[in-house]
Amino acid sequence: METNGSGALEGAVIAVAGAAGPAGRATLLRLAEAGAVVVASDADAQRLAEAVDAARYAHGGATVTGDTVDLLDLGAAREWADKTEKEFGRIDGLVHLVGGWRGSASFTETNPADWELLEKLLIRTVQNTSLAFHDGLMRSDKGRYLLISAAGASRPTAGNAAYAASKAAAEAWTLALADSFRKAGGEQGPKAAAAILVVKALVHDAMRAERPNAKFAGFTDVTELADAITGLWGRPAQEVNGQRLWLTPEP
């Protein structure tokens, strides 16, 4: 797999979970531009098809596919991972972009139903994708599992208890995956890496158009996130594994 220069990810096969949102669209475009085979999934079939088409058309000849996968079902996640590796001969990455947010005006107004939803979206999908893709990423010479997290996981606010706790749990799970990669690598160090990219929040062009006077201080543009994601295949696994990589000032 080529990892330097133009077409930096030529030959790599990378799965993107939660690919239909603005961050997913930017990531599909960037990975396709870098030469990767991109296998996208999302719960929204129509938005997923639009995102996949956009990446294909932007980069003629790029292989970008889309599947609606129920990532709350471990069996479905395993089936997606196995199908991807069987079809393309390898699996070099899983980018976890499944998102969701619920909050409240104060701590005591927190709705337990918010936790029930966020536990599914932000934790269970991480559990299932990491378990499903673990062995395939270990078989790769450049396996990467990348979780997008939020600064609020490290410094929760009163109205974001459910969201921050969900993100913190997802981070802990990803760090456990990193430890599995570390142990498997032994004295030679890990071949695969699991890492967390931390943002304050994400911003994209449509948000700026809707709020032209907003400054979005500390926010990360989805294109910057996509660049950061793509660049992690060019860094040694030992340097990346188990790291929280801050794309916003660390609190």
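## Salt bridges and a lone arginine: worked exercises

In this predicted model, the side chains of arginine 208 and aspartate 221 come together in a salt bridge, 2.7 Å from N to O.

**Exercise 1.** Work out which parts of the chain the arginine 208–aspartate 221 pair ties together.

*Solution.* Start by placing each partner. Arginine 208 sits in helix H6 (residues 205–210), while aspartate 221 belongs to strand S8 (residues 220–221), so the bridge ties together parts that lie 13 residues apart in sequence. Next, look at accessibility. Arginine 208 is partly exposed at 33% relative accessibility, whereas aspartate 221 is buried, with a relative accessible area of 9%.

Sharing partners is another thing to look for: Arg30, Glu33 and Asp227 are joined into one network by salt bridges that do this.

**Exercise 2.** Take aspartate 53 and arginine 56, and find how they are spaced along their helix.

*Solution.* First, check the bridge itself: the closest N and O atoms of aspartate 53 and arginine 56 are 3.5 Å apart, and the cut-off is 4 Å, so the pair passes. Now for the spacing. Both residues are in helix H2 (residues 45–58), and because they are three residues apart there, about one helical turn separates them. Last, the surroundings: aspartate 53 is partly exposed at 29% relative accessibility, and arginine 56 is partly exposed too, at 35%.

**Exercise 3.** Decide whether glutamate 119, a salt-bridge partner of arginine 124, is buried or partly exposed.

*Solution.* The two side chains meet at 2.8 Å, N to O. Buried means under 20% relative accessible area. Glutamate 119 comes in at 19%, so it counts as buried. Arginine 124 has 28% relative accessibility and therefore counts as partly exposed.

**Exercise 4.** The salt-bridge count for the model is 15. Find out what arginine 144 has around it, and how far away its nearest side chain of opposite charge is.

*Solution.* Locate the residue first: arginine 144 is in strand S5 (residues 144–150). Then check burial and pairing. Arginine 144 is buried, yet it has no salt bridge. Its nearest oppositely charged side chain is aspartate 141, 8.1 Å away; a salt bridge needs the atoms within 4 Å, so that pair doesn't make the cut. Finally, go through the contacts, skipping neighbours within four places in sequence. Those of arginine 144 include Asp92, Gly93 and Leu94, then Leu137, then Lys191, Ala192 and Ala193. Also among them are Leu232, Trp233, Arg235, Pro236 and Ala237.

Terms used
Residues are numbered from 1 along each chain as its sequence is written. This is a predicted model: local features need pLDDT of at least 70, side-chain atom pairs count only at pLDDT 80 or more; totals for chains, interfaces and linings use all residues. Side-chain values use heavy atoms; hydrogens and water are left out. Helices (H or I, at least four residues) and strands (E, at least two) are DSSP runs, numbered from the N terminus. Buried means under 20% relative accessible area, exposed over 50%, partly exposed in between (1.4 Å probe, protein chains only). Lys and Arg count as positive and Asp and Glu as negative; His and the chain ends are not counted. Contact means heavy atoms within 4.5 Å.
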